[in-house]
Amino acid sequence: MDPASAFSFDMSYCGSPPTLDTLWGRWNFDPLLLTALIALAMGAAFTLRRAERHRQLAFCGAWLLAAVLFVSPICAASVALLWVRVTHHIVLTMVVAPLLALALPAAWARRIGMLPALVVSTMAMWLWHAPDLYASAFAHPAIYWAMQASLLGSFAWLWLGLLRKDGAMTAGTAALLSAMQMGFLGALLVFAPGPLYLPHQATTFAFGFTPLADQQLAGLIMWVPANLPLLALVLWRLADALKPRGASPG
């Protein structure tokens, strides 16, 4: 028996792989997920009621994007296609995470150690995209949520330091190193001689992709567009570091 066709999605959090015909009916109305989203919204409404406007808006943006990622058919599509799951992770780590970082109190940034944050976020990215550990996230909802929580949490920690910690050169260097490791992982997916991820070796054809083409597209997304937020931050932080200090106004 083909090992790809033998892969079981019985315990996959987002369900079985969809087809083009069934995808748009695959909304995720898991009661526990909806309860958690509502609880987070209510908790933030109370906690941030006196916070600065930009913090309130940042949390609203992060919450809305998270709801789209986990409630919409994107969840089901990520079961069938690696490039969708990679895009899901990129939005989580490169958009939701920095928005959460902006929603947190600025004082928290002073407690951030940039090196530990960089190491932990890098480890989370590489470990969860190792083929065996990646496949394990389809085996049980608890592993799936461990993947999502560790990626979001570690990158929110990193972004808190990148965006708000004093020391522009340190933050810019950390952002560059993070961009380099993500680009390297993307390049490995692009140039791998064959498909690496067992869960997607029998699910991509319904969408017009071979497993290798799906993997190459995922790698390109991780290699180029995923790095744009980090590279923009590198330019901003390094420009700030090179700005002359102590010049009298006017």
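Colleague: Which residues are buried in H1, and how should that word be read?

Modeller: A residue counts as buried under 20% relative accessible area, as exposed over 50%, and as partly exposed in between, with a 1.4 Å probe and protein chains only. In H1, the buried residues are Leu33, Leu37 and Ala44. They lie on the same side of H1, because they cover an arc of only 40° around the axis; the arc is that of the directions from the helix axis to the C-beta atoms.

This is a predicted model, in which local features need pLDDT of at least 70 and side-chain atom pairs count only at pLDDT 80 or more, while totals for chains, interfaces and linings use all residues. Residues are numbered from 1 along each chain as its sequence is written, and side-chain values use heavy atoms, with hydrogens and water left out.

Colleague: Which exposed residues does the face of H1 turned away from its buried side carry?

Modeller: That face holds Pro31, Leu32, Thr35, Met42, Ala45 and Phe46.

Colleague: What covers the buried residues of H1?

Modeller: Cover is read from contact, meaning heavy atoms within 4.5 Å. For H1, the cover includes helix H2 (53-71) and helix H7 (141-164).

Colleague: How many helices and strands does the protein chain have?

Modeller: Helices (H or I, at least four residues) and strands (E, at least two) are DSSP runs, numbered from the N terminus. In the protein chain there are ten helices and zero strands.

Colleague: What span should helix H1 have?

Modeller: The expected span is 1.5 Å times one less than the number of residues. Helix H1 (residues 31-47) has 17 residues and should therefore span 24 Å, which agrees with the 24 Å between its end C-alpha atoms.

Colleague: Which residues touch the most other members of the largest nonpolar core?

Modeller: A nonpolar core is a set of buried Ala, Val, Leu, Ile, Met, Phe, Trp, Tyr and Cys residues joined through side-chain atoms within 4.5 Å. The largest has 56 residues, and Phe155, Trp159, Leu162 and Met182 touch the most other members. H7 gives the most to this core, with nine residues. A second, separate core of seven residues includes Ala77, Ala80, Leu81 and Phe207.

Colleague: With which residues is Met182 in contact, leaving aside its neighbours within four places in sequence?

Modeller: Met182 contacts Ile90, Met94, Met125, Phe155, Met222, Ala226 and Asn227.

Colleague: What percentage of the protein chain is buried?

Modeller: Of its 250 residues, 45% are buried.
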